[in-house]
Amino acid sequence: MNEVLLGLSHGFSVAFMPTNLMLVLLGCFAGTLIGALPGIGPINGVAILLPIAYSFGLPPESALILLAGIYYGAEYGGRISSILLNVPGDAGAVMSTLDGNPMAKKGEAGRALSLSAIASFVGGTLAVVLLAMFGPMLAKFAVKFNPSDYVALMIFAFASLSSLVGKNAIKSLFAALIGLMLASIGIDANTGVARFTFGIPDILAGIDFLVVVIGLFGMAELFHLVEQQIRGNLKLLPIGKSFVSFKDLMLVKWTILRSSLIGFFVGVLPGTGASVASAITYGTEKRLVGDKGDFGNGDPRGLAAPEAANNASAGGAMVPMLTLGIPGSGTTAILLGALLLFNVQPGPLMFEQRPEIAWGLIASMFIGNFALLLINLPLVGMFARLLTIPQQYLTPMIAVLAFIGVYSVVGNPFDLYMIIGLGILGWILRKLDFSLAPVILGFVLGHIFEDNLRRALSISAGDWSILYQSNNAVVLYIMTIFIILVPMFVKMYKKRVSKNN
């Protein structure tokens with residue numbers, strides 16, 4: 001503990017240097033704006049600004065502080081478009097649309113934005129505390145997670161989908177299957193065989209996540225608004241309660257704490273990230289609350305859970321990067337590249353050899369979380385006012401953001417047609433009362449599931465028993481069976497009790 005306190009004191013002396021303090025604030029503000037743009041997300045924001053940070057000639061600790069500020073600033077900002085427009089800023093913000101957007105449509109946009117800001121603050125701050133105290137120990141555990149353990153983790157996440165969103169479990173699972181099918185498009189990395197490309201060269205590399213999320217959410221929302229406009233059903237959304245209440249905070253306090261812890265530990269596992277963390281925490285909360293909740297229709301716990309998990313997983317992803325030199329997520333892979341660009345080798349010795357970088361970054365994350373709270377809470381009212389824009393003007397605005405967001409990152413005109421096609425698919429699924437979140441989760445988790453299944457079977461020379469030989473995998477399979485069977489037994493018990501009464 002003394003070593004941690006000494007390290008933090010050194011870190012704060014670095015982070016409070018005027019230049020670094022300015023860079024923290026600049027990174028947080030820029031990250032919030034980047035995250036609010038649909039589909040850009042933290043990974044693209046950091047990648048775009050990395051050359052700029054390098055060209056400024058900043059020392060390594062200052063450059064990393066700036067880029068890390070953009071990282072968790074974008075995690076904050078992703079909730080803005082999710083809540084207001086039903087268009088996720090990034091993969092981790094998909095779950096925030098489920099209850100955040102219904103709250104906005106009920107005139108509670110300010111309440112939703114302030115609640116998500118506080119949940120993100122608690123999740124991010126708790127993650128930094130755990131990173132400082134237990135980082136090296138957790139990193140050793142994460143490295144022991146082998147491909148078969150990841151397969152079990154993905155099966156656990158898929159099992160959560162059965163009651164994750166929507167009233168119909170069959171529709172949720174079918175939607176996840178659509179996501180899995182989209183994830184399988186492109187050249188098979190192991191065999192080199194083109195799958196489901198139909199001779200179209202533009203999709204040989206697969207469909208980019210940005211294209212899928214913008215198409216299914218952004219364009220589907222656009223088509224929905226156009227339909228409402230044609231029918232003459234467009235109305236100004238109400239702007240009601242502008243801030244979260246003490247009662248709200250008491251309702252979600254345990255939700256935020258649980259989700260922060262789960263999000264952090266999921267983030268520690270390399271290759272998982274905010275999308276997996278938010279899916280697991282949302283499913284966990286929905287199961288714990290049961291019939292008392294109103295998930296999917298604007299339940300504050302349904303918004304607080306993924307928001308806390310998002311920012312906690314961002315802190316968790318820093319653990320393997322700083323202590324082992326292994327990126328925990330796509331964004332930390334770019335941050336790792338930034339360190340290597342400055343000839344800094346992350347790993348166990350970095351805390352001793354380059355404490356100004358390791359502890360300076362951790363201290364800057366403390367400051368950044370407070371800065372984000374102070375930046376975002378006063379702007380809640382202004383963001384909520386975006387809903388006062390007449391929806392006939394909001395429709396072209398969503399279209400412009402969608403097309404610019406996709407083309408600026410992907411740079412392929414074919415993908416503009418792809419988002420229109422996926423938008424039509426998303427609009428049809430909405431008309432059929434399908435939730436779109438399982439499609440996105442199936443797409444994201446499908447890649448992780450297939451990659452690790454292939455690795456596990458390659459290690460075992462095709463022996464499937466490798467999938468249940470690990471203790472971690474067995475525990476996850478038991479948890480999977482538990483979350484599937486327990487709700488069934490609870491329903492049966494309630495029916496029996498109601499019949500007896």
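**Salt bridges, cores and a surface patch**

Biologist: Let's start with Lys431: how does it count at 46% relative accessibility?

Modeller: Keep in mind that we're looking at a predicted model. Buried means under 20%, and exposed means over 50%. Lys431 sits at 46%, so it falls between those cut-offs and counts as partly exposed.

Biologist: Which residue forms a salt bridge with Lys431?

Modeller: Side chains of opposite charge can pair when their charged atoms come close. Here the closest N and O atoms are 2.5 Å apart. The partner is buried, with a relative accessible area of 12%. Lys431's partner is Glu227.

Biologist: And how many residues apart in the chain are those two?

Modeller: Glu227 belongs to helix H9 (residues 209-231), while Lys431 is in helix H17 (residues 413-431). This pair ties together distant parts of the chain. Their separation in sequence is 204 residues.

Biologist: Which residues are joined into one network by salt bridges that share partners?

Modeller: Take one pair first: Arg454 and Asp188 form a salt bridge, with their closest N and O atoms 2.6 Å apart. That pair also links distant parts of the chain, with Arg454 in helix H18 and Asp188 in the loop between strand S1 (186-187) and strand S2 (194-195). Asp188 is buried at 7% relative accessibility, whereas Arg454 is partly exposed at 26%. The joined-up network consists of Asp188, Arg195, Glu450 and Arg454.

Biologist: How many salt bridges does the structure hold?

Modeller: One of them pairs Glu108 with Arg111, the closest N and O atoms being 2.8 Å apart. Arg111 has a relative accessible area of 12%, so it's buried. For the structure, the count of salt bridges is 9.

Biologist: Switching to nonpolar side chains, which helix gives the largest share of the largest nonpolar core?

Modeller: In soluble globular proteins, nonpolar side chains tend to be buried together. The largest core here has 122 residues, and Met318 and Ile362 have the most contacts inside it. The biggest share of this core, 15 residues, comes from helix H15.

Biologist: How many residues are in the other core that lies apart from it?

Modeller: We've just met the largest nonpolar core, with its 122 residues. The other one lies apart, and its members include Val151, Leu467, Leu476 and Tyr477. The number of residues in that other core is 27.

Biologist: Is Glu75 buried or exposed?

Modeller: Glu75 is in helix H4 (residues 60-85). Leaving out residues up to four places away in sequence, Glu75 touches Pro42, Asp90, Ala274, Asn310, Asn311 and Ala314. The cut-off for buried is under 20%. With just 6% relative accessibility, Glu75 counts as buried.

Biologist: How much accessible area does the nonpolar patch with Ile481 and Ile484 have together?

Modeller: Ile481 is in helix H19, and Ile484 is in helix H19 too. An α-helix has 3.6 residues a turn, so residues three or four places apart point the same way. Ile484 is partly exposed, at 39%. Along with Leu485, Met488, Phe489 and Met492, these two form a surface patch whose accessible area is about 580 Å².

Biologist: Last one: which residue's backbone oxygen lies 2.8 Å from a polar atom of the side chain of Ser460?

Modeller: Look in the loop between helix H18 (437-459) and helix H19 (471-500), where Ser460 sits. At 19% relative accessibility, Ser460 counts as buried. The backbone oxygen at 2.8 Å from its side chain belongs to Asp463.

Key: Residues are numbered from 1 along each chain as its sequence is written. This is a predicted model: local features need pLDDT of at least 70, side-chain atom pairs count only at pLDDT 80 or more; totals for chains, interfaces and linings use all residues. Side-chain values use heavy atoms; hydrogens and water are left out. Helices (H or I, at least four residues) and strands (E, at least two) are DSSP runs, numbered from the N terminus. Buried means under 20% relative accessible area, exposed over 50%, partly exposed in between (1.4 Å probe, protein chains only). A polar contact is a pair of N or O atoms within 3.5 Å; within protein, one must be able to donate a hydrogen and the other to accept it, and residues adjacent in sequence count only if both atoms are side-chain atoms. A nonpolar core is a set of buried Ala, Val, Leu, Ile, Met, Phe, Trp, Tyr and Cys residues joined through side-chain atoms within 4.5 Å. Contact means heavy atoms within 4.5 Å. Patches are made of residues with over 30% relative accessible area and no salt bridge: like charges are joined within 9 Å, nonpolar side chains (Val, Leu, Ile, Met, Phe, Trp, Tyr) within 5 Å. Accessible areas come from the Shrake-Rupley method with a 1.4 Å probe; for residues, only the protein chains shown count as cover. A salt bridge is a side-chain nitrogen of Lys or Arg within 4 Å of a carboxyl oxygen of Asp or Glu.
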